[in-house]
Amino acid sequence: MASIFIAGVHVLDRGGSFTGPVDVSVLDGRIAAVGPGLRPEKTQPRLDGGGLWLMPGVFDCHLHAGLASFDQLELMRTPISRRVLETARTLRRTLAAGVTFVRDAGALDAGVRDAVAAGLVPGPELQVSVVALGTTGGHGDGFLAGPGLEGPVDYMLPDYPGRPPYLADGPDGFRTAVRRLVRSGADWIKLLATGGVLSAAGDSTTGGEFAAELGPDEIAAAVAEAGRRGRPVMVHALGGPALRQAVEVGARSIEHGVFLTEEDAAL
């Protein structure tokens, strides 16, 4: 509803506390007034906000809305059509929980983003990274040695025509991969610079730090190419030198960073 009057609701204020009860008047999609003793317009539906708390929409900057399971065999047996419909359910539930903006960190393509924007399915406003770019044998590489099959780790990314590559090697390879991601409609470029809890290749730690899986030249090439194409970069990095290298060359955000040092935080 573009216009609504909410009576007697507790409202989150600038200081982080709830003020109220107060009335809130929304006209044509914008908050027109907040305060006690307001009167609704004749055309405004009235909602009794007694006992309720009103807050702005929540931003979720790291979601994998296209992933409903971590069971590799289950995902391989699931038709892509079902996975798309499961994604629609996840987005509807995310919006119902109060999340109005999502930056998806991999597994949602531009088609899902555009379908939500067109009102085909309910969901939060979306920005997508489509696939996360890693290197051969790195965090995103789910190569199956037995049958010799290529695949993303745990088959988290389904195969479909036009899906951009999720593995690259060398500065030239990452430049090309970034261009293909932009072509596929990605709002963000995501890089996998260290291992993680879902790495298929085992332990990637050395000396207490997470070893870099991308070279500094690869990170720099990807960030520079993304910048030329007007795309910011998000970098999966639990810690170690790759985290610092990503920040130094202009990555917009570090994902996870659970072994962040004080020096990393200062940088």
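Start by selecting Pro152: with a relative accessibility of 5%, this proline counts as buried. Keep in mind as you click around that the model is predicted.

**Stop 1: around Pro152**

Pro152 sits in the loop between S9 and H4. Now add Asp141 to your selection. Pro152 and Asp141 are eleven residues apart in sequence, yet their C-alpha atoms are 5.1 Å apart in space. Which residues is Pro152 in contact with, leaving aside its neighbours within four places in sequence? Light up Gly140, Gly142, Leu157, Arg163 and Tyr166, and you have them.

**Stop 2: Tyr155**

Stay in that part of the chain and pick Tyr155, in the loop that runs between strand S9 (132-133) and helix H4 (170-183). Is Tyr155 buried or exposed? Its relative accessibility is 17%, and buried means under 20%, so Tyr155 counts as buried. Check the backbone here too: phi is positive, about 55°, although Tyr155 is not a glycine. That's worth a pause, because most residues other than glycine have a negative phi.

**Stop 3: Asp28**

Next, jump to Asp28 in the loop between S2 and strand S3 (30-35). Here is another positive phi on a residue that is not a glycine, this time about 50°. As for its surroundings, Asp28 is exposed, with a relative accessible area of 68%.

**Stop 4: the bond before Pro21**

Slide back along the chain to strand S2 (residues 18-27), where you'll find Pro21. Select Gly20 along with Pro21 and look at the peptide bond that joins them. Is this bond cis or trans? The bond from Gly20 to Pro21 is cis, with omega near 5°. For background, most peptide bonds are trans.

**Stop 5: two phenylalanine rings**

Time for some side chains. How many aromatic pairs does the count come to? The count comes to one aromatic pair. Select Phe59 and Phe101 to see the two rings stacked, 4.7 Å from centre to centre with 25° between their planes. Phe59 lies in strand S6 (residues 58-63) and Phe101 in strand S7 (residues 99-104), so the pair ties together parts that are 42 residues apart in sequence. Try showing the surface here: Phe59 is exposed, with a relative accessible area of 56%, whereas Phe101 counts as buried at 11% relative accessibility.

**Stop 6: a charge over a ring**

Now select Arg103 and Trp188. Arg103 lies over the face of Trp188, at 4.4 Å from the ring centre. Turn the view until you look straight down on the ring of Trp188, and you should find Arg103 over its face.

**Stop 7: zoom out**

Finally, clear your selections and show the protein chain as a cartoon. What should you look for? The chain has seven helices and 14 strands. Along its principal axes, the C-alpha trace spans about 65 × 45 × 35 Å. Of the 267 residues in the chain, 43% count as buried.

Switch on the surface for a last look. The chain exposes about 14100 Å², and carbon and sulfur atoms supply 55% of that area. Then colour by charge: the chain has 24 positive and 31 negative charges, and the mean positions of the two sets are 9 Å apart. As for how the chain comes together, take contacts between residues at least 6 apart in sequence: 63% of these join residues at least 24 apart.

Notes. Residues numbered from 1 in each chain as written. Predicted model: local features only at pLDDT ≥ 70, side-chain atom pairs only at ≥ 80, totals over all residues. Heavy atoms only, no water. Phe/Tyr/Trp six-rings, centres within 6.5 Å; stacked < 30°, edge-to-face > 60°. Helix = DSSP H or I, 4+ residues; strand = E, 2+ residues; numbered from the N terminus. Buried < 20%, exposed > 50% of the residue type's maximum accessible area, 1.4 Å probe, protein only. Lys NZ or Arg CZ within 6 Å of the ring centre and 35° of its normal. Contact = heavy atoms within 4.5 Å. Areas by Shrake-Rupley, 256 points an atom, 1.4 Å probe, with all protein chains shown as cover. Lys, Arg positive; Asp, Glu negative; His and termini not counted. Charge placed at Lys NZ, Arg CZ, Asp CG, Glu CD.
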